[in-house]
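Student: Could you walk me through how to read a structure like this one, feature by feature?
Tutor: Gladly; let us look at it together.

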Amino acid sequence: EDAERGGYEHFMLKEIHEIPKVIEDTLFEYLSEDIEMDASFSAGISEIVFIACGTSYHASLVGKYLIEKLTGIPVRVEFASEFIYHQPPMHRALTIAITQSGETADTLEAMRIAKKLGAKTLAIVNVLGSTATRVADHVLYTRAGPEISVAATKSFIAQLIVLYLIALKLSRLPGSEVNRLIDELRAMPELVRKVLEREGEIEQIAVLISGYENMMYIGRGIGVPIAMEGALKMKEISYIHAEAYPAGELKHGSFALLGEKTPVIASLVPDETYEIMLNNIKEVKARESVVVAVADEDDQEVEKYVDFVIRVPKTEHIFSAITHSVVLQLLAYHTARKRGCEIDKPRNLAKSVTVE
Ligand code: AGP
C-alpha cells in the first residue's frame, strides 16, 4: 500500500495532488482535436433534473448554477434517496445522474425510476463498466482514475469539468465567448498547481481550526455548493461539526450559533455577490467568530475584515468552484491530520454505498 500512495502519507493527499492531471485528462477526453462532446442527450428536452448523493450532489448544485446561467434551461437537483419516494413530474426531462462509483444504490434506483417516468438518462460516472453505465441511455466518463480515499476529491473536480463542458456545449453565449471560457478551462491545471503551492499556508490555518468542535461555511451563488462540499469534507474526515449556509440566510436563525467558539470559512467569489458577501462577513465578525476567507489573489479589500485570507489565482468567477474546492479539501485534510484522524477510512463510512 505504501508504494500505491506514491510517497504521500494518505491516499487523500495523493489524490488531491493528482487534480491538475485529472483536469487535463478529462478535458482531453472531450476537447482533443477530433473529439467533440456528443450532446445528442439534450435533444428536445425542456428541463434537466440532477439526481445524486453526497459530494456528487454538490457537483449537481454547481451544475444547476452553470446550466441555468449559461443556457437558460431550468434545472432541478434532487437527492437520489428522496427522488425515489417523491417521484416528481418529469415531463420532457433529461435526468443527469452523477456518481463516482456508478454503484450507489439510491442513485441507481432513482435512475431506473426516472426512466419509468419517461425521462432520458445521462450518467456522469468515473468507474468504467459500473452499473450506472449500463442503466443510463448516455454516459459521460470523468477521467479521475481510481479513487481510494473515502473522501471524494479528484473525482469531484472531474465531475465539475464535465459539467462546465456540458454547460458550455448547451450555452447560448456567442462562440467567441465560449472559446474564451474553454481557454480558461484549459488553464485550470496550472491554476490548481498554484493552489497546491500554498499548501503550507493552508496547513497553518488547519492547525488553528483543529482546536474547534463547530464550524460554519458560507458563500453566495456558486459559493453555496462550494461551502456545502467544504463542510462535508471537514465533517467526514475531521469529525468537526461543520454547517454550510448561503451567507444571506444566516440572519434567519443560524446567527445564533456564531461566536468565538465557531470559526467561519467564507468563500468570496468575484461576481455580483462579492459586495453583499463582504457585508455578510462584517456581520459575522460582529458576532466575534474567527473568519477565514478564500479570495482572489488581487483582492485588497477582504483582508480589512477577516482574520486570515487564503488566496487563489484570479479566474473567471464560475471557475472559482475548482480553486476554492481544492483549498477546502486541503484544509479538511490538514485539520483531520492534525487531529490524528483515520483520514482515508473515516469511521462509519464506506467508499460506495450499495444499500438503500
Ligand atoms: C464524499 O466524500 C463521500 N464519499 C460521499 O458523499 C459520496 O460522494 C457519495 O456517497 C456518492 O457516491 P458516488 O458519487 O459514488 O455515487
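The dialogue below takes up a helix, the core, the ligand shell and a few single residues.

Student: Before we begin, what kind of model is this?

Tutor: It is a predicted model.

Student: Let's take helix H12. How does its expected span compare with the distance between its end C-alpha atoms?

Tutor: At 1.5 Å a residue, the 12 residues of H12 (residues 274-285) should span 16 Å, and the end C-alpha atoms are 17 Å apart, which agrees.

Student: And how do I read which way its residues face?

Tutor: Start from the general idea: an α-helix has 3.6 residues a turn, so residues three or four places apart point the same way. In H12, the buried residues are Met277, Leu278, Asn280, Ile281 and Val284. Viewed down the helix axis, they fall within an arc of 160°, so they line one face of H12. Glu275 and Asn279, on the other side of H12, are exposed.

Student: What covers that buried face?

Tutor: The cover over the buried residues of H12 includes strands S6 (214-219), S8 (264-267) and S9 (291-296).

Student: Tyr274 belongs to H12 too. Is Tyr274 buried, exposed or partly exposed?

Tutor: Count the neighbours: Tyr274 has 19 C-beta neighbours inside 10 Å, and 20 would be needed for buried, so Tyr274 counts as partly exposed. Leaving out residues up to four places away in sequence, Tyr274 touches Leu268 and Val269. Its C-alpha atom is also separated by 9.7 Å from that of Gly221, 53 residues apart along the chain.

Student: Now the interior. What should I look for?

Tutor: In soluble globular proteins, nonpolar side chains tend to be buried together. Here the largest nonpolar core has 123 residues, and those with the most contacts inside it are Ile51, Ala97, Leu160, Ala293 and Val327. Helix H7 (residues 154-169) gives the most to this core, with 12 residues.

Student: How much of H7 is buried?

Tutor: Mostly covered is the phrase for H7: 15 of its 16 residues are buried. H7 should span 22 Å at 1.5 Å a residue, and its end C-alpha atoms are 23 Å apart, which agrees.

Student: Which residues does Ala97 contact beyond its neighbours in sequence?

Tutor: Beyond four places in sequence, the contacts of Ala97 include Ile51, Ala52, Thr107, Ala110 and Met111. Thr121, Ala123, Ala132 and Ala136 are also among them.

Student: Which residues come nearest to the ligand?

Tutor: Of the 15 residues around the ligand, Gly54, Thr55, Thr99, Ser101 and Thr104 come nearest. By class, the shell has five nonpolar, nine polar and one charged residues. Helix H3 (residues 54-71) supplies the largest share of this shell, three residues.

Student: Can a loop residue be read in this way? Where is Ser149, for instance?

Tutor: Ser149 sits in the loop between strand S5 (138-141) and H7. With 22 C-beta neighbours inside 10 Å, Ser149 counts as buried. Not counting residues up to four places away in sequence, Ser149 touches His10, Phe11, Met12, Glu15 and Asp344. Ser149 and Lys14 are 135 residues apart in sequence and 9.4 Å apart in space, C-alpha to C-alpha.

Student: Last, the backbone angles. What is the phi of Tyr239 and of Glu288?

Tutor: Tyr239 is not a glycine, yet has a positive phi of about 65°. Tyr239 lies in the loop between helix H11 (223-238) and strand S7 (241-246). Glu288, also not a glycine, has a positive phi of about 75°. The loop between H12 and S9 holds Glu288, and with 12 other C-beta atoms within 10 Å, Glu288 is exposed.

Notes. Residues numbered from 1 in each chain as written. Predicted model: local features only at pLDDT ≥ 70, side-chain atom pairs only at ≥ 80, totals over all residues. Near = placed C-beta within 6 Å. Helix = DSSP H or I, 4+ residues; strand = E, 2+ residues; numbered from the N terminus. Nonpolar A, V, L, I, M, F, W, Y, C, P; charged D, E, K, R; others polar. Expected span 1.5 Å × (residues − 1). Arc of directions from axis to C-beta. Contact = placed C-beta atoms within 7 Å. Core = buried A, V, L, I, M, F, W, Y, C linked by C-beta atoms within 7 Å.
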